[in-house]
Amino acid sequence: MNVDVVLGLQWGDEGKGKIVDYLASQYPVIARFQGGPNAGHSLHFDKSAYILHSVPSGIFRENTQNLVGNGMVIDPIIFEKECRALENVGIPVKDRLMISKRAHLILPTHRIIDAASEHAKGASKIGSTLKGIGPTYMDKTGRNGLRAGDILAPDFTDRFHALKSKHLVFLKQFDYPFCAEEEEEAWFKAIDYMRGFQLIQAEYYINDCLSQGKRVLAEGAQGALLDIDFGTYPFVTSSSTTCAGACAGLGFPPSKIDRVYGIFKAYCTRVGSGPFPTELFDKDGEALRDQGKEFGSTTGRARRTGWLDIVALKYAITLNGVTDLIMMKSDVLDGFDTVKAAVSYDINGRDTQCFPYDAHVPVTPIYKEFKGWDKDLSVIRKEEELPAEFLTFVRFIEESVGLPIKILSVGPDREQTLVREIFNYGQSY
Ligand code: GDP
Ligand code: IMO
Ligand code: MG
């Protein structure tokens, strides 16, 4: 059996959590492959709302095994808090969740380094979530990190202090006040809590599942435009958010990938600093933020908003080998007189479809305009009832990127999801 992958195609917060939860009943195994508590994946069902940071979005489904993959970084304190909250609502987290021994641990001093280095960057800061993500991946690639499996070693505390000492030396370069011990007790208590989970060599587990005919759904965090290699560097996260990251972050071969679900919003958002070609600073931008409730699930920060960017979308589709598109938050565009999508960029007077390498190059998007619709999409459950103007917009996107949009999301709830059966490509626009 194969692995299907769910990934974000923009700058994160596309609605990956909702879709993984929606699809989860079809998969016995759901595995997160990168990122850490910088992610915030929101799920709405049965009149309840949940936000997951480190726990995969299959956790609410019975008979589903969830996995924290080796590509992830775990903050034990945040992990414990999240799991205890789930236990409090009756989810048997310890039965449904396993942790790869190879996942890396975020130490309290990683978070301090994140804050100190952002502070030192001043106006050119990344806008990090300050969860210690970058410094933890730096220690991973620098071959200094502590891994989840290490918590079982008798000299774990010594290893912790050895790494902490390195951090204290590193921190001397910054003029930044901190108390390294403030969270240490809570951190070690959380490590005790983590010892109650199954810590496994997940690369064997995943491949065994596949040979037994079990389907695996790999859940990405962040989005293609935040990828460490292909995103708007340096305004990116520190992991591989693209499809290749799923193989590296879980330990299965690329030949096992079947469907690649690319998730995008009907417009764009970004939280934190960095280029955003279609960003709006006018009342349309405010309307997108208000109607889309665009405030970060992890930090509460207001998200920057703008029109859909087809140049960036095509770039993300190519990088990931997307097979199926899923468009989220269609309902947020309800009531706009005109809806726009960028179809190319003007860069220094040249019209291009190339997503630029340089984060600082000035980009002027060239837009195509669409007539808006005045129907409430959030109550629609059948494709036939969708307004013609909205379908024109959908078909234009499909034609532009050469892929079908298989699912249209029209609200945050599980129920507000339209799986499309009709694909009509014969039309001109
Ligand atoms: P993720 O990080 O990709 O999982 O996305 P987030 O959960 O951070 O952000 C997506 C937000 O949009 C959440 O608040 C979701 O509840 C909400 N959401 C998801 N799909 C839809 C939709 O189709 N319409 C609306 N209005 N909200 C949605
Ligand atoms: P989900 O999985 C949106 C952004 C931060 C910052 C940059 C680097 O919910 O889509 P980091 O803390 O990783 O060093 O921050 O990346 N960022 C996200 N933006 N959604 C996310 O995750 C994000 N995770 C990180 O705002 O600009
Ligand atoms: Mg999010």
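## A pocket, a ligand and a strand pair

The second largest pocket is lined by 26 residues, and those nearest its centre are Ser-42, His-44, Gly-292, Lys-329 and Pro-412. Three elements each give two or more residues to this lining: helix H1 (16-23), strand E3 (41-45) and strand E4 (48-52). The structure is a predicted model. For the second largest pocket, the computed volume is about 590 Å³. By residue type, its lining divides into 11 polar, 8 charged and 7 nonpolar residues.

Ligand 1 comes next. There are 20 residues around ligand 1, of which Lys-16, Gly-40, Ser-42, Asp-331 and Ser-409 come nearest. Ser-42 is thus named both among the residues nearest the pocket centre and among those nearest ligand 1. The table gives distances between an oxygen atom of ligand 1 and N or O atoms of the protein.

| Residue | Part of the residue with the N or O atom | Distance to an oxygen atom of ligand 1 |
|---|---|---|
| Lys-16 | backbone | 2.7 Å |
| Lys-329 | side chain | 2.9 Å |
| Gly-411 | backbone | 3.0 Å |

Lys-329, listed here with a side-chain atom, is also one of the residues nearest the centre of the second largest pocket.

The last topic is a pair of strands. Strand E12 covers residues 267-270, and strand E13 covers residues 304-309. The two strands pair in the antiparallel sense, over 4 bridges. Within this pairing, Cys-268 of E12 stands opposite Gly-306 in E13. Which residues of E12 point one way, and which the other? Tyr-267 and Thr-269 point one way, while Cys-268 and Arg-270 point the other way. All of these E12 residues are buried.

Notes:
Residues numbered from 1 in each chain as written. Chains lettered and ligands numbered in written order. Predicted model: local features only at pLDDT ≥ 70, side-chain atom pairs only at ≥ 80, totals over all residues. Heavy atoms only, no water. Buried < 20%, exposed > 50% of the residue type's maximum accessible area, 1.4 Å probe, protein only. Pairing = 2+ DSSP bridges. 1 Å grid on protein atoms, 1.4 Å probe; cavity = no way out; pocket = protein on both sides within 12 Å on 5 of 7 lines; lining within 4 Å. Points joined across faces, edges and corners; volume = space filled by probe spheres on them. Nonpolar A, V, L, I, M, F, W, Y, C, P; charged D, E, K, R; others polar. Near = heavy atom within 4 Å. Polar contact = N/O pair within 3.5 Å; in protein donor to acceptor, adjacent residues only side chain to side chain.
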